[in-house]
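Okay, thanks for coming, everyone. Let me put the thing up on the screen and then talk you through it.

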Amino acid sequence: MGRFLKFFIFSMALSADAVSQAQQEQFSAEQLENLKREVIKLNRDLLILEEDLLYPAQSQVAFYVSMDVGHYFKLDAIKLHIDNKLSASHLYTEHQRDALVRGGIQPLHKGNLKSGDYTISAFFTGLGPEGREYKRGATLELKKTDEPAVIELRISDKISKQQPDFELVQWPAP
Amino acid sequence: MQYRPLSRALSLTLTLLSVSLPAFGNEVEIAQHENPAEEEEKAGTQKYRQAQDMAYGATLYAYFQGNNFDALSTLLIAKQRDSIKVHGDSAALIEGGISLSFGLHQRAAELFEQLLQADNKNIDTKYRQAAWLKLAELNYLQGDFPKAAVHLEKSGAVQTSSLPLNLALHSQDLSNARQLLENAELSLAQRLLGHINLGAALARSGQLDEAAEAYRTAGALAAEQDEPSEEIQVLADKAHIGAGYALALTEQFTQAQLAFSRVRLQTPWATKALLGLAWSSINNAEYQKGVDALHFLLSKHEHSPAAREARVALPYAYEKQQERNAALTAYSNAASYYQTTLQELQQLQQNLASEPLADARQFGEAQRYGWLQMAQASPLLRDNQHFLLPILQSDKFQLRLSELRDLQQINSVLQGWSDKLPQLHALIDERHQRRSNIIEKYQNAQFDQQLQIGRQQYRRLNDALAQIETERDVLALVKASSRSDSDNISNAAEMLELLRGAEQRYQLLQKHGKGSDYQGETLQRARGILLWQASEEYHHRLWQQRKTLGQLEENLRTGEKQLRKTSIEASRAPQLTELTERLQNTAAQLDDKRAAIAHAATLVEASLRQDIIAELDREQIQINGYLAHTRLAIARLQDASLQESILQPVTDNPQGVNQEETQPLENAIAEEQYSEEAAEVNKPSESTVISSEGDESE
């Protein structure tokens, strides 16, 4: 009787171990790693090249979304307007929201603007405190120069008011 | 028994470490705007803070969504452009972590080693220690255990890491492992896992009593928690299963039953516990308990690997209960199930030969959160997971599948670039053309001369107006306005010219004594009228001249702007040439890399497919074993019935009439099934049937 039990335990262990036996490697791990590293570098060069071509530094404007904490706001969507014209919009998935809450910053939009004055508006939609529907806007008067402009759409918690706070912040030119 | 891929655990730790890094800098900044108590409260309630560098934050954003390739690319661009200022140290650590997740072990090691170089003194001690520890874990992952031990020592984390325990277990130093487990300052989950791994190692070395004790300790640790987390409950289940099998193997069946019964039923691993419980009960002569467990297993998890064995165990239990007919029926059902399953497995093997294991087109846009999520697996794998579960649960297989999907993702990115490159070429050509047109139009001597004349005119008019305004010289204004188109102004200038001529002639006449007073008075009167008229028109003329000056200034500005633009365009010629060269260089590499990646992906996929097919072969061998056993049992039972019916005189037993009415019918059905099966597979000879009689089912 005991032999039967031992047999089946042995057979289970055998099947579990056997699956991990890899086939003979035809492409070594080192070769694969080198290839992946080369491709990542190539992708980097192509991305830089594309940015240099499509968004030259003197006209470049980049928008990022960040979330500091996010207890009082669950972000659903963002719409970005430049001089009252819709320039970008985004609907957020659970994973994207989570990545923002954990400290990630989303590159929302990159474009070109000539030197001059612009009104940047962002509209944030989501769920506010106690799960209420919440829609707020924030505005920034941008004076675009020949330097690239970086604008952060910042969502943070206002502890004193127990409300979310939305602001557009222009970063110093990189 | 490692339940989580080490590389994933390492990178997760790194991520958690790195996301906590931005907190300090941000707190300082916010403290300027809010009161300290408020800030304190805020800091106390939150877990994460935003990053201080956009590029660093963008890297984390991609990484937290499981997109290692994009995360690494973003980080490399930031490094190339030197745009990470605040998180420099943590960027190196996070790059190491992401590289590890992306299978770039060598690169990760290089990064950690760079952080730890002797001349790199600016780096914080906690980062150094973290890097030593990660390096040690990386060495462990690569199988370099002595090096791992050395690096672990340098990290100063011997007490707080589970790595020393893993190293001791790997070197079979089980007493040291036990000692380390007692003294280490580990989290509850790590201690539980440590005891489970120790139990597994003890069981492997044949020390089953000690193994059972280690598993029991793990179970007891979990039981101490009032509200255990899901992770703890999972570990507790694993500990109970381990303890159950260790006890069953030492024939402590009652204890084993108790251990198995503690495993939660609504879990995927409950099948192993139910099977263990059933065998322990049967071996403990509690057959009904065993039958109940097997029935539950078959009703709730009928296609699980454990259920296959349960189909043999159930009739065996019936036999023990002296229910021969029930046993025969159950064996017959099992035999037909095994045959159907074998056919399905063969069909699956055929289908797998051509089905893509990870379709990049299907999953390209999907975010990846662990490869075990069947929703993201290939439909064929997903629909047949009950056959493939053992291989899908293997860390090694999952890592290689992850490798395949990384390669396919890279391939699709490179494909995207191949499609995009002609557009970029066209863009550069268009810019070249535009630049040439502008230069041709504006960068010539005629345009420069016009601009020069314009500048002179502006200067002249500006100086004249400044002097006129200072001296309020209305007649000078009339003269300055003479170039204007206005008729009034032209007439006044003409009159002034005439008056000045007349005055000159009058003075000449006077010099010769011929000029009359009347002529002098007339000239004075004319000058007076002219002055009066000019004074009346002064402001209007001045405004006209200012307007002309403004227009001149605007024209000059436009001309100069155009000139600047032209020079910028002219200076861009080398930039465009450089961009063209860069584009050509990268395009040349692109095709080679795509071909290499596609080749690597094909090899990895073929290897994975071979593994799956081999696993299905093993399953078929196992099922064939069960099938053979089932057929032998059917033959044995039928033989026993036949022997009994021959030996039992009909007249002696009045109830035998009923038996003859029922049993031959059932036996006929069983015989019919048996004859079909026997025709296909190894036909058991009579001697086999006879020799198996009375023997146990082994």
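I'll go through the two chains, then the place where they meet, and finish with a few odd backbone angles.

Housekeeping first. This is a predicted model, so local features need pLDDT of at least 70 and side-chain atom pairs count only at pLDDT 80 or more, while totals for chains, interfaces and linings use all residues. Residues are numbered from 1 along each chain as its sequence is written, and chains are lettered from A and ligands numbered from 1 in the order in which they are written.

Right, chain A. Its secondary structure comes to three helices and eight strands; helices here are DSSP runs of H or I with at least four residues, strands are runs of E with at least two, and both are numbered from the N terminus. Starting at the N terminus, the order is α-α-β-β-β-α-β-β-β-β-β. Of its 174 residues, 27% are buried. By buried I mean that 20 or more other C-beta atoms lie within 10 Å of the residue's own; exposed is 12 or fewer, partly exposed is in between, and the C-beta atoms are placed from the backbone.

Now the sheet. Chain A has an open sheet of four strands in the order S3-S2-S5-S6, with antiparallel pairing; strands pair if DSSP finds at least two bridges between them. Which strands stand at the edges? Those are S3 (85-91) and S6 (133-144) of chain A, each with a single partner strand, so one side of each has no neighbour in the sheet. From one strand to the next, the twist averages 20 degrees.

Let's stay with S6(A) for a moment. Strand S5 of chain A, residues 116-127, is joined to S6(A) by twelve bridges, and the two run antiparallel. If you want to find the register on screen, Ser121(A) sits opposite Thr139(A), and Leu127(A) is opposite Glu133(A). The hairpin of S5(A) and S6(A) has five residues between the strands, and Glu130(A) there takes a positive phi near 60 degrees. And is S6(A) mostly hidden or in the open? Just one of its twelve residues is buried, so S6(A) lies largely in the open.

There's another hairpin further along. S7 (residues 149-158) and S8 (residues 163-171) of chain A run antiparallel, joined by nine bridges. Ile155(A) has Phe166(A) as its bridge partner in S8(A). Four residues separate S7(A) and S8(A), and Gln162(A) in the turn has a positive phi of about 50 degrees.

On to chain B. Here we have 29 helices and zero strands, and 35% of the 698 residues count as buried. Among contacts with a separation of 6 or more in chain B, 66% are between residues 24 or more positions apart; a contact means C-beta atoms, placed from the backbone, within 7 Å.

One example of residues far apart in sequence: Ile196(B), in helix H12 (residues 188-204) of chain B. Ile196(B) and Ala239(B) are 43 residues apart in sequence, yet 5.9 Å apart C-alpha to C-alpha. Ile196(B) counts as buried because there are 25 C-beta neighbours inside 10 Å.

Then there's helix H15 of chain B, residues 253-261. Its buried residues are Phe253(B), Ala256(B), Gln257(B), Ala259(B) and Phe260(B). Down the axis of H15(B), they fall within an arc of 165 degrees, so they line one face of the helix; that arc is taken from the directions from the helix axis to the C-beta atoms. What covers them includes helix H14 (230-249) and helix H16 (270-283) of chain B.

So where do the chains touch? Take helix H2 (residues 29-54) of chain A and helix H7 (residues 105-115) of chain B: they pack at about 70 degrees, axes 8 Å apart. Axes are lines fitted to C-alpha atoms, for helices over the stretch in contact, and angles run from 0 to 180 degrees between N-to-C directions. The contact uses Glu30(A), Glu33(A) and Arg37(A) from H2(A), and His105(B), Gln106(B) and Arg107(B) from H7(B).

Last, the odd angles in chain B. Gln172(B) has a positive phi near 65 degrees without being a glycine, and sits in the loop between helix H10 (163-170) and helix H11 (174-183). Arg472(B), also not a glycine, has a positive phi of about 45 degrees.

Methods. Two residues are in contact if their C-beta atoms, placed from the backbone, lie within 7 Å.
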